[in-house]
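Let's take a look at how charged side chains pair up in this protein, and then at a bit of its surface. Have the 3D view open as you read.

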Amino acid sequence: MTMAQQDDVKGQSVFTKQPGKGEPEDITNLYRHPKGSKDYKMTMQTANELGIQAVEERNDKQIHDVIITIETSSDVVVAEDFDITITMHNTSSEERNVHAKLLVFACFYTGVTKARCKEELLAVNLKPSETSSSVVHMAASDYMMQLADHSCLKIYLVGTLEETKTKLIAQSDMCLARPQLEITLKNTEGLKADEIFFAVFHFMNPVSMALTNCKLSVDGCGAEAVKSVDLPDIEPFQNLKTKMKLRLIKGGHQTLIAGFTCDQINNVTGYIELDIERLV
């Protein structure tokens, strides 16, 4: 069987959360040599030599007849509709007909799929050297109830070239951004360690369904332990505003991190930094 090859996949990076903050930190180079470096080339050469099998068919001119890319917006927020653009470029001097299926899965952050969200058939005719783009619309209702903990989606396109029987496959991963959890502080001017202050939390329901079993928790280095607080259901597109009494038992520069969760959306976080006077 002749199999088309996807030489590069966008998003091959490793991120972690910055300590004490909600911002991501790129740590890819701690796990992989920088692309283009001598060490990277040596690693790839070794992987090719020791792989399961050497695919001689990669030199077959049919393999690169059609180049496929999958593109999505990088700033899609949970509960938003979005489009998936599939671009096919025929590099040959002959006509090509592609019969393909687009599959979208909700997956865990490890890449393990959880549930199928969408499936759509595509039939594309490509003239010699022609480039054609197809757009598949993804409605929020297609994926909302299937999302796993980190709101990740995995997109596959699998197909066949009618003329050469070459199998085509392309893949793209995306992680949906979460809604904002805003935090404002009251009575913090001249605040000292072990003194009580109030934090106000604001969240808007971005989906067209009520959010149920809502909970809010607050944590941070030096923060007095606060149990998870149960919140009322939030109706579609409605705002929730709640106040919480807090105390920091350590002085200095501190970060408060709040987390909101419900049955429909997980891991919504917000954070705020503040300076606390140390006790003498």
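Start with Asp65 and Arg96: these two form a salt bridge, and their closest N and O atoms sit 2.8 Å apart. The pair links distant parts of the chain, 31 residues apart. Asp65 is in the loop between α2 (38-49) and β3 (66-71), while Arg96 belongs to strand β5 (residues 96-107). Keep in mind that you're looking at a predicted model.

Are these two partners buried or exposed? Asp65 has a relative accessibility of 6%, so it counts as buried. Arg96 is buried too, because its relative accessible area is 5%, and the cut-off for buried is under 20%.

There's also a third player here. Glu94 joins Asp65 and Arg96 in a network of salt bridges.

How many salt bridges turn up when the whole structure is searched? The answer is nine. Here are three of them, including the one you just met:

| Salt bridge | Closest N and O atoms |
|---|---|
| Asp65 and Arg96 | 2.8 Å |
| Arg247 and Asp194 | 3.9 Å |
| Lys215 and Asp230 | 2.5 Å |

Now for the second row: Arg247 forms a salt bridge with Asp194. Arg247 lies in strand β14 (residues 239-247) and Asp194 in the loop between β10 (181-186) and β11 (196-204), so this pair ties together parts that are 53 residues apart in sequence. What about their surroundings? Arg247 counts as partly exposed, at 26% relative accessibility. Asp194 is partly exposed as well, with a relative accessible area of 43%.

The third row brings together Lys215 and Asp230. Here a strand meets a strand: Lys215 is in β12 (residues 214-219) and Asp230 is in β13 (residues 229-231), so the salt bridge ties together parts that are 15 residues apart in sequence. Lys215 has 28% relative accessibility, so it counts as partly exposed. Asp230, on the other hand, counts as exposed because its relative accessibility is 56%, and exposed means over 50%.

Let's leave the charges and finish with some nonpolar side chains. Which residues form a nonpolar patch on the surface? They are Val14, Leu30 and Tyr31, and together they have about 360 Å² of accessible area. To find Val14, look in the segment before β1 (15-17). Val14 is partly exposed, with a relative accessible area of 33%.

Note on methods: Residues are numbered from 1 along each chain as its sequence is written. This is a predicted model: local features need pLDDT of at least 70, side-chain atom pairs count only at pLDDT 80 or more; totals for chains, interfaces and linings use all residues. Side-chain values use heavy atoms; hydrogens and water are left out. A salt bridge is a side-chain nitrogen of Lys or Arg within 4 Å of a carboxyl oxygen of Asp or Glu. Helices (H or I, at least four residues) and strands (E, at least two) are DSSP runs, numbered from the N terminus. Buried means under 20% relative accessible area, exposed over 50%, partly exposed in between (1.4 Å probe, protein chains only). Patches are made of residues with over 30% relative accessible area and no salt bridge: like charges are joined within 9 Å, nonpolar side chains (Val, Leu, Ile, Met, Phe, Trp, Tyr) within 5 Å. Accessible areas come from the Shrake-Rupley method with a 1.4 Å probe; for residues, only the protein chains shown count as cover.
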